There are 2 protein chains.
Amino acid sequence: MQIASKFTVAVHIITCIDVFGEQMRVTSDFLSGSTGVNAVIIRNVLAQLRSAGIVNTRQGSGGAHLAKALNEITLYDVYMAVECVDNDEGLFHFHENPNAKCPVGRNIHKVMDGRLTAVQAAMENELKSVTLAEIVEDTKKIISEE
Amino acid sequence: MQIASKFTVAVHIITCIDVFGEQMRVTSDFLSGSTGVNAVIIRNVLAQLRSAGIVNTRQGSGGAHLAKALNEITLYDVYMAVECVDNDEGLFHFHENPNAKCPVGRNIHKVMDGRLTAVQAAMENELKSVTLAEIVEDTKKIISEE
DNA sequence: AAAGCTGTAACAATCTTTGTTTCAACTTTC
DNA sequence: GAAAGTTGAAACAAAGATTGTTACAGCTTT
């Protein structure tokens, strides 16, 4: 089981906006071409990024723009924006009907929950440690060396 | 998107084997009752735990037993045993067809891969830091205080 | 007014997880 | 050795999530 590709698509989108945004209109069609992902999916992801205050889009005129400086956007922000993991449910799917009549069944949740939360937090902290500025910088560097 | 519940089921199973194993046969039917999960699923998980050298099972006689000391089993071992995440694919599902004709499309993988691996490693290290001995100890403590 | 783009809904296709049915093979007990 | 209880495993169904597709209303610019 994997985290939905909307996350990597979102990072790809933001990178494209910064790399190409000054010289052209970055439309959902263009992004669809660069990512290989359907334009409607792109618009959905853009809508989620917009809700999170990461990008701006407008009907009619077309073209997405960044709403924040790249060094103020972390991978965690993007991850949360596209909601690959439901915040209520958490990263781990717990089996839903442990038997309350069994001593283990009625207590396993209590024992596990804190630890599963810690595991999820470890992952999220690592995501918080990377900014999109780094991602875009690396990308531009590689492009310039090609 | 979530990590399959087979993982929490597996932890539940191991806990039951230790808690109840001395006084009764811990069969797939019993585990099905305690977890609320279908007995065939339980047998599948047991088969994966057996392949990983964590438990022993036998046809006919019935009843699962631990093949290792609890302090030698970490949550990571269980997680890997049940293969909730494909080892080849990784935790993050990358969009599969970025456009090689686009400078961003043909380099985004290079830029992201190392960082995604680091995020996954952070999660896995946290899983490695918890042993089943702790889980079972906590569970027994709670049961004794009920 | 025309062209191009976004926003969004509805539906289909695909994949994964989980459940169900079924039956062969094995062990213990009578 | 027969019966009962159990595991191992295959095949298929059910349910849910992701991704793709189609369609169209609404906005902006020219």
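Started with Arg58(B): an N or O atom of its side chain sits 3.4 Å from a sugar or linking oxygen of DNA strand C. I'm reading this off a predicted model. Next I checked Gln59(B), where an N or O side-chain atom is 3.1 Å from a sugar or linking oxygen of DNA strand C. In chain A, I found a polar side-chain atom of Ser28(A) at 2.5 Å from a phosphate oxygen of DNA strand C.

Then I looked up which elements give two or more residues to the surface near DNA strand C, and got helix H3 (39-51) of chain A and helix H3 (39-51) of chain B. H3(A) has the largest share, with 3 residues.

I also wanted the split between backbone and bases. Of the strand C atoms within 4 Å of the protein, 67% are sugar or phosphate, and bases make up the rest. There are 25 residues around DNA strand C, and among those coming nearest are Thr57(A), Gly60(A) and Ser5(B). By class I noted 13 polar, 6 nonpolar and 6 charged residues on that surface.

Moved on to the two protein chains. I have 58 residues of chain A in contact with 58 of chain B, and about 5,200 Å² buried between them, 67% of it on carbon and sulfur atoms. On the chain A side, Met1(A), Gln2(A) and Arg115(A) lose the most area, together 15% of what that side buries.

Arg115(A) came up again in the salt bridges: it pairs with Asp138(B), closest N and O atoms 3.1 Å apart. The rule finds 4 salt bridges across this interface, and I noted 16 residue pairs in polar contact. H5(A) gives the largest share of the chain A side, 12 residues. That side has 33 nonpolar, 17 polar and 8 charged residues.

Methods. Residues are numbered from 1 along each chain as its sequence is written. Chains are lettered from A and ligands numbered from 1 in the order in which they are written. This is a predicted model: local features need pLDDT of at least 70, side-chain atom pairs count only at pLDDT 80 or more; totals for chains, interfaces and linings use all residues. Side-chain values use heavy atoms; hydrogens and water are left out. A residue is near a molecule or strand if one of its heavy atoms lies within 4 Å of it. A polar contact is a pair of N or O atoms within 3.5 Å; within protein, one must be able to donate a hydrogen and the other to accept it, and residues adjacent in sequence count only if both atoms are side-chain atoms. Helices (H or I, at least four residues) and strands (E, at least two) are DSSP runs, numbered from the N terminus. Ala, Val, Leu, Ile, Met, Phe, Trp, Tyr, Cys and Pro count as nonpolar, Asp, Glu, Lys and Arg as charged, and the others, Gly among them, as polar. Contact means heavy atoms within 4.5 Å. Buried area is the accessible area (1.4 Å probe) that two parts lose on being put together, summed over both. A salt bridge is a side-chain nitrogen of Lys or Arg within 4 Å of a carboxyl oxygen of Asp or Glu.
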